[in-house]
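Please open the structure in your viewer and keep the sequence panel beside it. The tour goes from one selection to the next and says what is found at each stop.

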Amino acid sequence: MKHTIAHNLLYFIGAALVWSSCNSFLGEDTNIDPNRTSDAPLNTLAPTIMFYSAEATQKASVVVNSYVQHIGSVTAAGLDAQNRSTFAATWDDIYLNILPNANEIIKKATATNSPHYAGIAKVVLAYNLGLGTSLWENIPYSEADNQLTNLQPAYDPQESIYNAILRLLDEAIEALNSPTTVFKPGADDIVYKGDIAKWRKAAYSLKARYLLHLARKRGTGTYAEILDALSKGISSNSEDFQLIYNDRNLSRWHQVALANNTGNFTTNFSATFINLMNGTLQGVVDPRLPLHAFKTVAADSIYYGMRPGAATGSNVRYNNGTAFFGWQFALTAPLQMITYSECKFIEAEARMLQNGGSPTPEAYAAYQEGIRANMLKIGVSTTDISAFLSHPNIDVGAGNLTLSHVITEKYKALFLNPEAWNDLRRYDYRSDILPGLALPENHNPDLGGQWIQRGHYPDSEAARNADNVARNTKDLTAKMWIFE
Amino acid sequence: MKQRFILLVLVLMGWNAWAQNLTVTGKVTSAEDGSPLVGATVVVKGANLAAFTDAEGNFRITNAPADGILVVNYTGFERKEVPINGQSVVELALSPSNVLQEVVITSFGIAREKKVLGYGSQSLSSENLLQSNQTNLVNALQGKVAGVVINSSAGAPGAGASINIRGINSLSGENDNQPLIVVDGIIISNATDVGNVLPSAGSNAVNSNEQFMNSNRLADLNMDDIESVNVLKGAAATALYGQRAANGALIITTKKGREGRTSVNYNFSYGIEDIDKAPRIQRTYYQGFNGLVRTPPATVFWQYGPPALESDVFYDHFREFYVTGKNMNHSLSFSGGNANSTFQSSFSYLNSDGIVVNSNFKRATARLAATHRMNKRLTVGAQINYNNNEQTAPPSGDKSVFSSLWFWSPSFDVNDYLNPDGSQKNPFAGIIDNPRYMAERSPQVSKLNRIFGDINLNYDITPWLKARYQLTADYYNDQRNRIVGPDLDLGTQVGGFIVEQSIEFRELNSNFFLMGHRPITQDLNLHFTLGNAITEIKSDLLGVRGERFIAAGFFNIRNATNYFPLRGGSLRRLVGVFGEARFEFKDFLFLTFTGRNDWSSTLPEQNRSYFYPSASLSYVLTNHLLPENRVLSYLKLRGSWATVGKDAPPYRIGNYFSPVPGFPFGTVGGFTRDNNVGNFNLQPEFTQETEVGVEANLLNNFMSIEANYFVRESRNQILSVPISTATGYSSYTTNAGVITNRGVELLLGLNPIRGPFRWSIDFNWTRIRGKVTEMPPDLRTITYVSALGGRAVLRIEEGGNVGDLYGYDWRRHENGQPIIGANGLPTLETAQYVKVGNALPEWLGGMNNTFSYKGFTFNVLLEMRHGGDVVDLGENNAIRNGTIWFTEERDMVVRWKGVNADGTPNETTTILNQDTYRAFGINAHYSYVIQDASWFRVRNATLSYRLPKSLIGNRLSHVQIGITGRNLFLSTPFRGYDPEALAFGSGTNLIGFTGRNTPITRSFTLNVSVGF
């Protein structure tokens, strides 16, 4: 008995000592998380960057489209009063969720000779750099996602960002032109379902968009480049660069509308947008209006939006609490990044600017096609489209087309698309370009009566990358390089 | 020389065998009045034979050497040594001692005389802990221990409570800085498991930990099983435990069986609890908006209607929502033993209904602990504890019972919550839920099974050398279920959801020690310990969230459309080797050195091994330079210095890819690179602590004093340092930053009245300041929490203190005055935060009074917390909706004190109205958001009566009845409910927020205890 106990005790002690000396007890797989992977294949990263592009866009547009008076805050002196925003959520999506995964795709695709994946990643990356620079001007890229070689990445000047965008798009086009690719995007491509031709078109269309921004810097020769890119770009609504959500993954705009049902009102239509639709400014009611907005007072004959910055004066909602959802707020609504309709307006503007600002028949056709495309997309009947397009205030005739007509219709088609801010800033927020545009009530006193031109860098950057923030921070009313 | 040494060892080892042995029995009594002393220890000197005296003061020792010496110890009495001289019956009468020679249980259950310790620790007896009638040990420590800050998370039954010893030592808000919990040498988990209870869309909550006030696992212990708790505060005290006890340790000793008669104890308690402090509702204005009553279909939600009429009914929902809670506890224990074996077994059952309907905590525990002396040298012990809990917790935090309650209009009865068809009755449908309906329908139910226990072997190798081996295990499984119907706000976006989670935890420890003592010279003795500890901790979470119910009303995981898997877990292993050497010079100088080397699985291989030492000195002056005298009966000075190394949490090295939250997108899955990356050269972090203290006893026990001062510096912290997200990561796990905690702990004991009527007082006082002495390079701030849309922020900055709260101030003119705008109101400066408070108290004090006379004992514990600011997360809702009393100030013309933009005094007036309260202005200014939450309270008062022996006869050993009142009085400038309830649950450093969880209660408990 005594012996057995002593023996057992020794055995325990011995086992414990052997256990501890054995390296496998502490090493090898012990400190590797079994619930995460150190390697994600291409087809799991591609949907990620597409998803986050849509997310980043929506998070930006909550603010941007308040600045441009598509929508406004339901509390007075909100974002539509042009209060500062840091666009922190968009920043984080770009730098944490898109850039690292896109770079990972490019690296893996290059290693496995799968240029189609590399091409897609570069299109997405170029788009997001375009989104980012439109919010903050100078942003990190050349030193971003740097494997921790530098904990305070420098911000590249906007000009370099635009160069990077164009370079990425050219490289994307080349990669997407490649006849062979080892790994092929398919169902994992949640935007185009593996249709590489559409990605190539999206790349050309984005190139046209960013060249249009640059045209004033690069000179009039740029318009030919734009038209050339457009000719290879998106050529129908079915080729739009957009993401369609589903009932498992709700689109953020749908969530905004649903939140209205739980008392969490955040934003509503702005009068500036509604007045361009309800006949006030154009003398013709836009048939898209009842598809966008719900009129809360049935007896009212006219839709009213909220006075910018005032949070009052509206009889509209995004949804009615039951069946009706405004087109952009429906469960199945796409989150649009660049569309056929926008391309037609780019064409109309480029052709006019190429012609010294004067209309051309091609510009006029593009203007009409831009309107028609957007109306078809939203579900306006062909009868209503014809009626609207033939209204004298819209069908002004090829010779009478002005940039204001183009930008106004583009502004309507770009509802909730942050690209609208670039247009307004390119034209200095001129109300002779966009009728009805005026500084909001309760206008942010820091702006001294000037229009807002940019976002602030996120607080996280101010805390963690302070020197670069200090070097690049400008007044909210200071124009970006691209708009100078 | 060598041969002589071996001979010496043989002689010492064989000494026992040569002596003649006999059985000694006897009785230990008090020399003062001849009454038996129960539970005194009788030891045969040098022979490792011991016995406790039974209820009659009798003891029995077998195999005692005829020429041995009996040493008798009893707390409060002089130690006595009596030679056996071959007698088989020895009577021992002890005289009361002037000085309490306390014995405390230190690391690994090693008992030490307090005088030898070079560090501070504080011991609490069972009696002391049971005074407050708490069911959670952490709460039972409230107000009694210096150097300790305790926070409850809520007044809900089973809600977690957190304990911090000597400050918050981490720069991270999510870190758990709580002490190690050891029960009879068994390390048990005190985790607060949060899990993941949020839907994929529709919640504003940043994390799950404010959604339910989950139990901390120390709540599983049956309080009646606890004999004593020793709080080891500093790094020197916990040096042997090393990193696991870097934040201190609670050394819990349970009740043991003793040789002699089998005793049976039964305790019963029944208590009621009620809402204590509640904010006042606003009764001057009726429901409505812009001064007009609203009737559906217009939205009725705000309390900004016309002045109330005599006939208008108001419901005080801040109180009326709550019901009377009831709780009942049965606990039965058996213990006994003979010369060779002892056992203790207990069963308990607690059933507690909270003050929120449908909130409940049930706990059943069972336990068996036994020891058996196999032979003269070998003793085996084992214990097993089983728990079965069920916690039904009300939703708290964002979109919860409580956030809705704050919004609710007092013009409607919150308890009228059902329509005739059984659906939710809610005048504010589409805005908030009816809180009563939500409490009834949407709690989280957690069902826990837990087993912990050990097997231990003690072997006396020689009279001066002992070996001990202990294998311990702690295992639990927590099955959680949360249901949110599509008719609740939180469920509307996703069509309702259900979360099922299984949380599993397992910890194994293997500890081996050698303990011995040897004289070096006549005056110098060496006591030493060598040990090895091996630890494995494994946790797992497996769960699934189902969204969009298909069949209405069938809330089952199988009835969902979209499924989201939840999976997590970790494994951590640690091997340690440690030693302690204590040199005792005569009986006044005690010098202890320790060293420990750990090998951790969570650090890179090259940095896996790390060593850390400690040294401490105790000098008892009254045994040396200043002999005991009438004024000074005891004086001890002590000092210690210790370093503790610490490893990283598991899996913090390198980088991973995880599934995108919410994916698959439709049917397409995706991964994203994690935002955290870990340094491949991660080093262990080190905490260094220096402590000095004094212990004194004056005027023949009239007064005892203990004072400590400590400086604790945690440097090279393993920290997820926030970095510029432009790097592609949001945080980088590396070594950075320094936090320095400095503190003073004072204990003062007084015995103003002695004799048949006794009055004793224990004071404790604590002041701790945690300073951020060094931030990670190039980092200005680390934000722990940003709450209420940025209105209140808990964050740290270099040079600041841990717990600093920041808020918005008015835009101010150069002359310091607020700038008043054209509307007559000041505007907020939102571009920068100002530091406006600190969530940690400036000091804490407790005063525990005990009065006793014959069988009566009256105990009252007063507690004070000075300073400590708190943000009421709920009140903001009430301000915006005009439901709280101070929004009555409306329709009045005021001229705001301030200046115009040019600095001239403001002349513009404004009318206080709903816009004033609703707009992002007043309700966002720090003076409204951040409140002083100092308090003074009568924590508990207990009156008990122990029936005299003459009344209960011989069958019963004791009968005691008592009544306890808790939180009988509270005085605080804080406007809301009792500010003690922490919004973010236990188990984090996220302090300073309250208001969206079950308020702390006031309770009365009747207690009956019978012993056979």
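Two strands are taken to pair if DSSP finds at least two bridges between them. The model on screen is predicted.

**Stop 1: a sheet in chain B**

Select β13 (residues 180-183) of chain B together with β14(B); these strands are antiparallel and share three bridges. Within this pair, B:Val182 has B:Ile187 of β14(B) as its bridge partner. Now widen the selection to the open sheet of five strands in chain B, whose order is β10-β15-β16-β13-β14 and whose pairing is mixed. At its edges lie β10 (121-125) and β14 (186-188) of chain B, each paired on one side only. From one strand to the next, the twist averages 25°.

**Stop 2: the strands around β35 of chain B**

Go on to residues 731-753 of chain B, which form strand β35, and add β32 (residues 676-678) of chain B: the two are parallel, with three bridges. Here B:Asn676 is opposite B:Ser731 of β35(B). Next add β34 (residues 703-722) of chain B, which runs antiparallel to β35(B) and is joined to it by 19 bridges. One position to label is B:Arg715, whose bridge partner in β35(B) is B:Val738.

Then add β36 (residues 757-774) of chain B, which pairs with β35(B) in the antiparallel sense through 14 bridges. In this pair, B:Arg742 has B:Arg769 of β36(B) as its bridge partner. The hairpin of β35(B) and β36(B) has three residues between the strands, and B:Gly755 there has a positive phi near 115°.

**Stop 3: three helices in chain A**

Move to chain A and select α7 (residues 196-218) and α8(A): their axes come within 8 Å and cross at roughly 175°. The two helices are therefore roughly antiparallel. Residues to show in this contact include A:Leu211, A:Leu212 and A:Ala215 of α7(A), and A:Ile226 and A:Leu230 of α8(A). By class, the contact has ten nonpolar, two polar and three charged residues.

Keep α8 (residues 221-231) of chain A and add α12 (residues 340-354) of chain A; these axes come within 9 Å and cross at roughly 150°. Angles over 145 degrees count as roughly antiparallel, and α8(A) and α12(A) are therefore roughly antiparallel too. The crossing is left-handed. From α8(A), the contact uses A:Tyr223, A:Ile226, A:Leu227 and A:Leu230, while the residues of α12(A) include A:Cys343, A:Ile346 and A:Leu353. Eight nonpolar residues, one polar and one charged make up this contact.

**Stop 4: where the chains meet**

Show both chains. Their contact involves 62 residues of chain A and 64 residues of chain B. Among the elements that give two or more residues to the chain A side are α1 (2-21), α3 (42-67) and α9 (252-260) of chain A. The largest share of that side, nine residues, belongs to α4(A). By class, the chain A side has 29 nonpolar, 23 polar and ten charged residues.

**Stop 5: confidence**

Finally, colour by pLDDT. Chain B has a mean of 88, with 96% of its residues at 70 or more. Which elements of chain B have the lowest and the highest mean pLDDT? Helix α1 (residues 2-18) of chain B is lowest at 41, and strand β31 (residues 671-673) of chain B is highest at 96. Residues 1-19 of chain B have pLDDT below 50, and this stretch has ten contacts beyond near neighbours in sequence. For the complex, the predictor gives an ipTM of 0.91 and a pTM of 0.85.

Notes. Residues are numbered from 1 along each chain as its sequence is written. Chains are lettered from A and ligands numbered from 1 in the order in which they are written. This is a predicted model: local features need pLDDT of at least 70, side-chain atom pairs count only at pLDDT 80 or more; totals for chains, interfaces and linings use all residues. Helices (H or I, at least four residues) and strands (E, at least two) are DSSP runs, numbered from the N terminus. Axes are lines fitted to C-alpha atoms, for helices over the stretch in contact, and angles run from 0 to 180 degrees between N-to-C directions. Angles under 35 degrees count as roughly parallel, over 145 as roughly antiparallel, 65 to 115 as roughly perpendicular and the rest as oblique. A crossing is left-handed if the near helix is turned anticlockwise from the far one by less than a right angle, and right-handed if clockwise. Two residues are in contact if their C-beta atoms, placed from the backbone, lie within 7 Å. Ala, Val, Leu, Ile, Met, Phe, Trp, Tyr, Cys and Pro count as nonpolar, Asp, Glu, Lys and Arg as charged, and the others, Gly among them, as polar. pLDDT is the predictor's confidence in each residue, from 0 to 100.
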